[in-house]
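This report covers the overall make-up of a protein, one open sheet and one strand with its partners.

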Amino acid sequence: MGKPLRGMPRASGRNRRPHLDLGASFSTADRFLERSLRSFLNLGIYNGPWATSPTPAHLSWGRARKCSYGNRWGPARPHMMATRAPRRFCRCSCFCSENLYVARYRLHVRFRDEKQLRRDYGPILRSRGCVSPNDFQQLLEELEQEVERRQRMGQESAARKALIARSYHPARPDIYNSLQVPEEKRIYRLPVFTMPFCQALLEELEHFEQSDMPKGRPNTMNNYGVLLHEVGLDEPLVTPLRERFLQPLMALLYPDCGGGWLDSHRAFVVKYAPGQDRELGCHYDNAELTLNVALGKAFTGGALYFGGLFQVSGCDPWAGAGAARVPRPESHCLQAPSALAKPLEVEHMVGQGVLHRGGQLHGARSLGTGERWNLVIWLRASAVRNRLCPMCCRKPDLVDDEGFGDGFTREEPTVVDVCALT
């Protein structure tokens, strides 16, 4: 049992609530998250698709403390963010050269040209089956095609989004108006959506999937799914979820990972089914924090597994601007799932989300039967990533991009610290 976090309330005996269902290793922060979320969702400010508790939770905030927003005494409140005029988000130029995933050899590589690839990855590629000249030439062509795809991705995604906005007719227009673990791993489960909303969202996603609209890949490692910003669900669904519901919790649970500074995201739905993607290799996310919500359908297998934080020799993705030394190429070769020391396995529960740090090594076990659909939201804080790109572990080399890009900005966000928990 972990120690209570500083500044967090202690529940009285009659207000104690059951432990979150991820095993006995969960800490006090998990119970506080559950109480906070259930209390927040029972305030009656919104009657929509979000999951709520049958009975409201009552929070005992303990003794009052003086807040910086006035001269009166009152309960502690989380960080509040004041936004300025819309900013243009960017991506780091490393997106087209770093962390290119080669599924056949289960390897992430840095790629600039043939000579560099042979020099940096020749031995490990040969050990994993890339032996003949034809093997290497095929790999080289695949990497070049992937670089070209990434270079075109922003413009192509914007074009698909515009076409979908003009021509796509939703099956469930109502969902577009829905919203205007262990202490050392810090992995949590939380209720997010009701079952009826999950079913409605799946119905809409399948309707789009069966349409003749153009479709982009969720990411390099997932071939089946939907990019929510392209289909038009970013503004009505994901942005309000991040700003109104997730950020207050993130500021409490992950203040050291930019939880109180979240200002952009990338959201997509991934699909696992027989004959399509069945599992997900070990990786870490291009995000400060990640929320993974199970939407359905009926399935077996596919559990998430978690290891430790991703570490690069001489470079810490969560460090400040000083940690900008270029890591060795081999340090980007992530461990296979079997190599993770005592991975934590987490089963999916429809309507509930698993919350973790983006740098947490994780993956998904092979699907057994049925179809599994999950909503994944990469939560980003430009105040953190502007100092250090988590993908190349260097100060980002900014390139203008569409939408939120990869969450980088050319200027620091304006944040007003109304009152901080200590």
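## Overall make-up

The protein has seven helices and 19 strands, taken as DSSP runs (H or I of at least four residues for helices, E of at least two for strands) and numbered from the N terminus. The model is predicted: local features need pLDDT of at least 70, side-chain atom pairs count only at pLDDT 80 or more, and totals for chains, interfaces and linings use all residues. Residues are numbered from 1 along each chain as its sequence is written, and side-chain values use heavy atoms, with hydrogens and water left out.

Of the 422 residues, 53% count as buried, that is, under 20% relative accessible area (1.4 Å probe, protein chains only). The protein exposes about 19,300 Å², of which carbon and sulfur atoms supply 51%; the areas come from the Shrake-Rupley method with a 1.4 Å probe.

## The six-stranded sheet

An open antiparallel sheet has the strand order β6-β14-β10-β17-β8-β7, where pairing requires at least two DSSP bridges between two strands. Its edges are β6 (188-191) and β7 (225-227), each paired on one side only. At the β6 edge, four bridges join this strand to β14 (residues 352-357), and Pro191 stands opposite Gln352.

## Strand β3

Strand β3 (residues 89-92) is covered on both faces: Phe89 and Arg91 are buried on one side, Cys90 and Cys92 on the other. Antiparallel pairing links β3 to β19 (residues 408-409) over two bridges and to β18 (residues 398-400) over three. Phe89 stands opposite Thr409 in β19, while Cys90 has Asp400 of β18 as its bridge partner.

Notes: Buried < 20%, exposed > 50% of the residue type's maximum accessible area, 1.4 Å probe, protein only.
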